[in-house]
Amino acid sequence: MKKGIILVGVVSVLSLASCKQNYTCTCDGPGVKDPEVTSWKLKQEDAKANCDALNAEFEEDNGSCTLTPG
């Protein structure tokens, strides 16, 4: 019985980790008057990939982007 409860708990935690959540990517740098804020409801790995792509663009102008959950 205890093994069954533990198994259900582990599966629940893992399923929550792969759920889509809201993520915000905030990009700022020199010459940017207002930071660019982009939000997505994605899995964490997908949101990170999107924010990394934006970061590559902003790095060309000495800027950077930061991904935050929320």
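The following paragraphs describe the overall fold, the sheet, the disulfides and a few individual residues of a predicted model.

The protein chain contains two helices and three strands, and these elements follow one another along the sequence in the pattern α-β-β-α-β. Of the 70 residues in the protein chain, 19% are buried. The accessible surface of the protein chain amounts to about 5,300 Å², and carbon and sulfur atoms account for 57% of this area. When contacts between residues at least 6 apart in sequence are considered, 43% of them join residues at least 24 apart.

The three strands are arranged as an open sheet in the order β2-β1-β3, with antiparallel pairing. Strands β2 (36-42) and β3 (64-69) occupy the edges and have a single partner strand each, so that one side of each is left without a neighbour in the sheet. From one strand to the next, the twist averages 20 degrees. Strand β1, which spans residues 21-28, pairs with β2 over seven bridges in the antiparallel sense, and within this pairing N22 has K41 in β2 as its bridge partner. Helix α2, formed by residues 44-59, lies across β1, β2 and β3 and runs at about 160 degrees to β2.

Two disulfides are present in the structure. In one of them C25 is joined to C51, with an S to S distance of 2.0 Å; this pair links distant parts of the chain, since C25 belongs to strand β1 and C51 to helix α2, 26 residues apart. The torsion about the S-S bond of C25 and C51 is about 70 degrees, and the disulfide is therefore right-handed. Both ends of this link are buried, C25 having a relative accessible area of 0% and C51 a relative accessibility of 3%.

A disulfide also joins C27 to C65, again with an S to S distance of 2.0 Å. Because C27 lies in strand β1 and C65 in strand β3, this pair ties together parts that are 38 residues apart in sequence. The torsion about the S-S bond of C27 and C65 is about 110 degrees, so this disulfide is likewise right-handed. Here C27 is buried at a relative accessible area of 0%, and C65 counts as buried at 14% relative accessibility. With the bonded cysteines of the protein chain numbered in sequence order, the pairing reads 1-3, 2-4. A further cysteine, C19, is partly exposed, with a relative accessible area of 33%.

Two individual residues, N55 and D28, may be considered in turn. The residue N55 is placed in helix α2 and is buried, because its relative accessible area of 16% falls under the 20% limit used for that class. Leaving aside residues up to four places away in sequence, N55 touches G63, S64 and C65; of these, C65 is the cysteine joined to C27 by a disulfide.

The residue D28, by contrast, is located in strand β1 and counts as partly exposed at 35% relative accessibility. When residues up to four places away in sequence are not counted, D28 touches P35, F58, G63 and S64. The C-alpha atoms of D28 and T66 are separated by 8.8 Å, while the two residues stand 38 residues apart along the chain.

Note on methods: Residues are numbered from 1 along each chain as its sequence is written. This is a predicted model: local features need pLDDT of at least 70, side-chain atom pairs count only at pLDDT 80 or more; totals for chains, interfaces and linings use all residues. Side-chain values use heavy atoms; hydrogens and water are left out. Helices (H or I, at least four residues) and strands (E, at least two) are DSSP runs, numbered from the N terminus. Buried means under 20% relative accessible area, exposed over 50%, partly exposed in between (1.4 Å probe, protein chains only). Contact means heavy atoms within 4.5 Å. Two strands pair if DSSP finds at least two bridges between them. Axes are lines fitted to C-alpha atoms, for helices over the stretch in contact, and angles run from 0 to 180 degrees between N-to-C directions. Accessible areas come from the Shrake-Rupley method with a 1.4 Å probe; for residues, only the protein chains shown count as cover. A disulfide is a pair of cysteine sulfur atoms within 2.5 Å.
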